[in-house]
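Biologist: I'd like to walk through the empty spaces and the ligand site in this protein. Can we do it as a quick back-and-forth?

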Amino acid sequence: MATVPVRKVALVVGAAAVAASLVTLGVVLAGEVAVAQGLLLVVGFGLTAAVVVLGALVVQLKRSVSAVAARHTRQLSELHQTLRGALAVNAETAHAQGQALDSAVAAVTAAVEQTAARLEPPIAATGKRLDEVGADVAAGRADTAQTYWQIEALLDLRTMLQPRALMPPLRDWAASPDVLRWLAEYVVSHRPAVVVECGSGASSLVLGYAVQKAGRGRVVALEHDAAYAEVTARRVADHGLQDVVEVRHAPLTPWPGPDEREWNWYDVNSVKDLDGIGLVFVDGPPAGTGPLARYPALPVLLPHCADEVTFVLDDTIRPDEVEVSGRWMQEHPQFVRQQLRADKGMHVLTRRPDGAPG
Ligand SMILES: C[S@@+](CC[C@H](N)C(=O)[O-])C[C@H]1O[C@@H](n2cnc3c(N)ncnc32)[C@H](O)[C@@H]1O
């Protein structure tokens, strides 16, 4: 603000100098030299004064610019200090918070690892148990389905045969309803002259009823165990089947098989008299009596069979019986084999005189 009067003074002085110069020029033109000299002196003084006033103005301006610059520099410096302080505080806080966060993460990680390590064995045990339960459930479902099929087969069998006395329990050691129904249907529809079974029991009764229903034929049941032979014979009589079922006690005796090892099978003398066999149910001797225990049935009985004959091998869910069936097919390619899904598995091997498929 102090610069305004100075500037005005300089302008007034300058203007006066210019006016004086113009007047001087007029005076000179008018030929008044002395006056002109006096006026020039005045103009010189005026110009000098104007220059002095302008110099003062410049100095004043420089000072005020410096003052403003200094003030701004100071303010900037203060601001800088403030910011640096704030930044330092923030950096410290951030560092502290980072460290706290690292510790928290480390603690949580350690806790999670500990928990995982602690939970791993029970989780593995639970998984194993779940697998076992899953397998049990699947087996239970399969078992339920199988039970239903067996009940269905049993109902068919009872309806078809109308037994006259109580039947012994089926499945387990005895044949299952599905294979027995198949046998009964076969006997009724094919009416074989002679049916032989290896291993007596409930099947002896079913085959006896089927033969009676077919109105033709007889059953010879081979039994290696004297006690079981007696039990079966008694049951045959209880059912009034003694005219069509003959239980033959035939102890297991050595049989000269195709290879070096010793085979044991029903005494071959017990089948010597048989001829025209049309159906053989192979359900004995029991597996415990030796490996491939049922193999001899086909080579021993085949010479006593009719041209058309069927061998039914039970228990083919066991590897031993599968091997027996395989051997028979290999050694007697004229047979046609059906592998049926049954409770215990059954293979049906048929030889037809015309070679037609079974
Ligand atoms: C598979 S079983 C024959 C079952 C017969 N085909 C039936 O359907 O009832 C083979 C032999 O096991 C013997 N056997 C039968 N029942 C038995 C039992 N409950 N315990 C031990 N052996 C038995 C008999 O000597 C029988 O000839």
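What follows is a chat about the ligand, the pockets, the cavity and two backbone oddities.

Biologist: Before I start, what kind of model is this?

Modeller: Keep in mind that nothing here comes straight from an experiment on the bench; the local features I mention had to reach a pLDDT of at least 70. So that you read it with that in mind, the model is predicted.

Biologist: Which pocket does the ligand sit in?

Modeller: The test is that more than half of the ligand's atoms lie within 2 Å of a pocket's grid points. By that test the ligand sits in the largest pocket.

Biologist: How many residues surround the ligand?

Modeller: A residue gets in if one of its heavy atoms lies within 4 Å of the ligand. The closest are A175, A202, S203, E223 and D283. By class, the shell splits into six nonpolar, five polar and three charged residues. The full count around the ligand is 14 residues.

Biologist: Which residue has a side-chain N or O atom 2.6 Å from an oxygen atom of the ligand?

Modeller: Let's sort the polar contacts by which part of the protein takes part. G199 uses a polar backbone atom, 3.0 Å from a nitrogen atom of the ligand. A202 also works through its backbone, with an N or O atom 2.9 Å from a ligand oxygen. The side-chain contact at 2.6 Å belongs to E223.

Biologist: With those contacts in place, how much of the ligand's accessible area does the protein cover?

Modeller: Among the contacts is the one from the E223 side chain to a ligand oxygen, at 2.6 Å. On its own, the ligand has 580 Å² of accessible area. The share covered by the protein is 82%.

Biologist: Which helix gives the largest share of the lining of the largest pocket?

Modeller: That pocket has a volume of about 640 Å³. It is lined by 28 residues, and W173, A174, S200, Y228 and D283 are the closest to its centre. The elements giving two or more residues are helix 4 and helix 5 (226-238). With four residues, the largest share comes from helix 5.

Biologist: How many charged residues are in that pocket's lining?

Modeller: Splitting the lining of the largest pocket by class, 11 residues are nonpolar and seven are polar. The charged ones number 10.

Biologist: What about the second largest pocket: which helix gives the most to its lining?

Modeller: The second largest pocket has a volume of about 220 Å³. Its lining has 13 residues, with Q150, D178, R181, R341 and A342 closest to the centre. At least two residues each come from helix 2 and helix 3 (177-190). The most, five residues, come from helix 2.

Biologist: And the closed-off space: which charged residue lines the largest cavity?

Modeller: The count gives one cavity of 30 Å³ or more, and about 70 Å³ of space lies in the largest cavity. Its lining has eight nonpolar residues, no polar ones and one charged. The lining includes L154, L157, L161, P163, M167, L170, V206 and Y209. Since Arg counts as charged, the residue you want is R158.

Biologist: Now the backbone. Where is P285 found, and is the peptide bond from G284 to P285 cis or trans?

Modeller: P285 is found in the loop between strand 6 (277-282) and helix 6 (297-301). Most peptide bonds are trans. Here omega is near 0° for the bond from G284 to P285, and the bond is cis.

Biologist: Last one: what is phi of R171?

Modeller: R171 has its place in the loop between helix 2 and helix 3. Most residues other than glycine have a negative phi. R171 has a positive value, with phi near 65°.

Notes: Residues numbered from 1 in each chain as written. Predicted model: local features only at pLDDT ≥ 70, side-chain atom pairs only at ≥ 80, totals over all residues. Heavy atoms only, no water. Polar contact = N/O pair within 3.5 Å; in protein donor to acceptor, adjacent residues only side chain to side chain. Areas by Shrake-Rupley, 256 points an atom, 1.4 Å probe, with all protein chains shown as cover. 1 Å grid on protein atoms, 1.4 Å probe; cavity = no way out; pocket = protein on both sides within 12 Å on 5 of 7 lines; lining within 4 Å. Points joined across faces, edges and corners; volume = space filled by probe spheres on them.
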